[in-house]
Amino acid sequence: MKMPGQRLLHFVTQLFIAASCCTTSSTSAFVPDSTASISRCIACSSAASISDVAAPSMTEAEFVEQQLDVCKQIVIGHSDGFQLNDGNDLQGKTRTRFKDHPRCTARFGEVLLHARNEAGSTEEYNNSVQNARSIVNYVDTCRERSKNTCLIREGLIADIATALTAQSLRKFRCRQIEAGFEDAASLDFTLEQADLEILGRLYYSAISRNEQYLREVGLTLNHAGFTALLAFCRATSNSLPETEDSAVPSMLSEDGAKLDAALSNHFNGITAPGCRFSFSRCHGIEQTNTVGRSKRLIVAFSSLGNGLVRHEFGGSLAKINKQLHDYSEDLAFDVLFVADPSQSWYQKDSHGNFDGFAEYERRILAASRPYDLVSLVGDSMGGSGALIFSHLATESVVAFSPQVNLDGDGHVSRCDMTLSIRDRYYKRLLRSVEEAVDRVKIFVHRGVEKADVGHTDQLVSYFSEKALECSAPLAGQVKIIEYPDCQHHQIALHLKEKGRLAQVLSCNLVGKDE
């Protein structure tokens with residue numbers, strides 16, 4: 001599930017109506033060529049690069065300069081003045097493809113370009129221009145002071161990360177999440193409106209804690225200024241790997257990784273320590289002395305949600321568990337809820353590096369060791385997680401609308417997930433399923449949305465070819481269940497609304513009809 005970016009922006013803007021203000025620019029101001037003129041919708045490569053199409057290879061320095069050029073073009077184009085974007089222009093329609101999770105990008109120039117092109121008022125338009133001018137001025141000042149060796153003050157990125165991990169801020173976010181839902185673990189999925197409101201408060205608190213750093217760079221104290229600051233920090237903290245296939249380096253410096261981890265831990269809907277794992281013994285059952293140790297563990301992976309990652313499937317799993325327990329106490333199961341607050345398809349670890357597969361596998365293995373039966377379930381990104389770690393299952397794997405191949409997939413919002421990282425993900429998923437397919441039952445549920453059909457078809461095609469190679473019916477162990485009445489991506493939510501989710505889970509996970 002994904003959230004409309006503009007609706008989130010509206011919530012954050014409302015929270016900052018009293019506080020939103022532009023800071024003064026640096027005295028070393030960028031002055032555009034007064035004779036230059038460009039239209040409001042700049043014709044540059046940024047439109048394509050906002051989509052999932054890989055941009056030409058470039059170095060870190062070239063990438064930063066490209067984004068600075070976009071900022072300069074925004075300032076130059078300011079002479080045209082504000083025009084309300086009615087969505088009729090071609091570039092405006094392209095801009096709607098901008099990702100809904102701008103915390104995960106290093107394209108600071110394009111973040112500001114999008115903000116300008118989508119401005120709903122003169123104030124929003126002027127703020128985006130002001131922010132672009134401020135970044136250009138800030139970089140010029142840092143270069144001058146460092147004799148052209150630094151684009152950003154040393155320690156700024158670490159300072160922002162430290163502000164986001166302050167104990168008082170952690171307590172605030174926990175109160176906001178818990179106030180929204182008294183018992184989120186009892187729900188399968190949460191309402192978009194409630195998640196958007198909490199996201200707005202999380203942005204408000206993060207911006208408040210980083211006010212001095214926004215002022216240092218000269219950015220506005222609102223959502224637009226904050227996301228531009230984060231993207232700018234990401235761009236200047238990248239470290240190039242040995243080989244690179246995208247315009248954005250995938251490796252971060254130590255400070256960059258620290259900031260990435262801090263953002264992931266702040267912007268999610270989980271209050272458990274670490275924001276990734278939560279264990280529920282005899283889930284949904286009031287524990288008494290008569291309940292012994294369970295023999296079965298269900299590992300439930302989370303999706304992107306509404307932009308606020310939460311643990312999922314708690315409601316239906318509790319319902320199934322109560323029924324099993326009422327029939328026989330020995331049948332009750334435990335649940336390990338697993339989430340990826342970095343929205344990286346379980347590739348980012350808790351330290352902000354692309355070592356998530358190893359960290360998640362280690363934790364899941366440790367938790368599942370005492371159990372005879374282990375099953376995995378997930379929806380969308382969570383469904384992908386269930387397939388990625390399917391080799392750890394001993395009973396069954398249930399994936400709803402999983403992304404099998406991330407290359408070109410519209411759900412991916414992280415621009416640091418380069419082609420090589422996506423390819424590593426794809427190979428890891430296939431290898432894991434191939435290892436599991438002879439031992440466990442794998443169920444993949446999908447609607448008829450074209451992208452979802454394409455993902456599952458890739459999976460079936462791969463194992464059909466493998467079956468031909470080894471003359472063994474491997475593909476028969478991967479069962480695809482299609483629902484013609486579901487025209488969208490959210491098949492698990494569709495089944496929930498139809499009153500069928502608990503029955504499907506019961507049948508696939510524990511082999512019991514509801």
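**Helix α3, two cores and a pair of unusual backbone angles**

In this predicted model, helix α3 buries F63, V64, Q66, Q67, L68, V70, C71, I74 and V75. Part of the cover over these buried residues comes from α5 (108-117), α6 (122-145) and α11 (223-236). The helix itself runs from residue 60 to 76, and its length checks out: 17 residues at 1.5 Å a residue should span 24 Å, and the C-alpha atoms at the two ends do sit 24 Å apart.

Now for the nonpolar cores. The largest nonpolar core holds 56 residues, and the members that touch the most others are F108, I135, I160, L164, L259 and F267. Take I135 as an example: setting aside neighbours within four places in sequence, I135 is in contact with L68, C71, F108, L112, V217, L219, A228 and F232. Two of these partners, L68 and C71, are among the buried residues of α3. There is also a second, separate core, made up of 43 residues and including I364, L376, L406 and V440. As a general point, nonpolar side chains in soluble globular proteins tend to be buried together.

Two loop residues stand out for their backbone angles. C275 is not a glycine, yet its phi is positive, near 60 degrees. C275 falls in the loop that links α12 (254-266) to β3 (277-280). With a relative accessibility of 6%, C275 counts as buried, because the cut-off is under 20%. S401, likewise no glycine, has a positive phi of about 45 degrees. The loop holding S401 lies between β7 (396-400) and α16 (419-436), and S401 is buried too, at a relative accessible area of 0%.

Notes. Residues numbered from 1 in each chain as written. Predicted model: local features only at pLDDT ≥ 70, side-chain atom pairs only at ≥ 80, totals over all residues. Heavy atoms only, no water. Core = buried A, V, L, I, M, F, W, Y, C linked by side-chain atoms within 4.5 Å. Buried < 20%, exposed > 50% of the residue type's maximum accessible area, 1.4 Å probe, protein only. Contact = heavy atoms within 4.5 Å. Helix = DSSP H or I, 4+ residues; strand = E, 2+ residues; numbered from the N terminus. Expected span 1.5 Å × (residues − 1).
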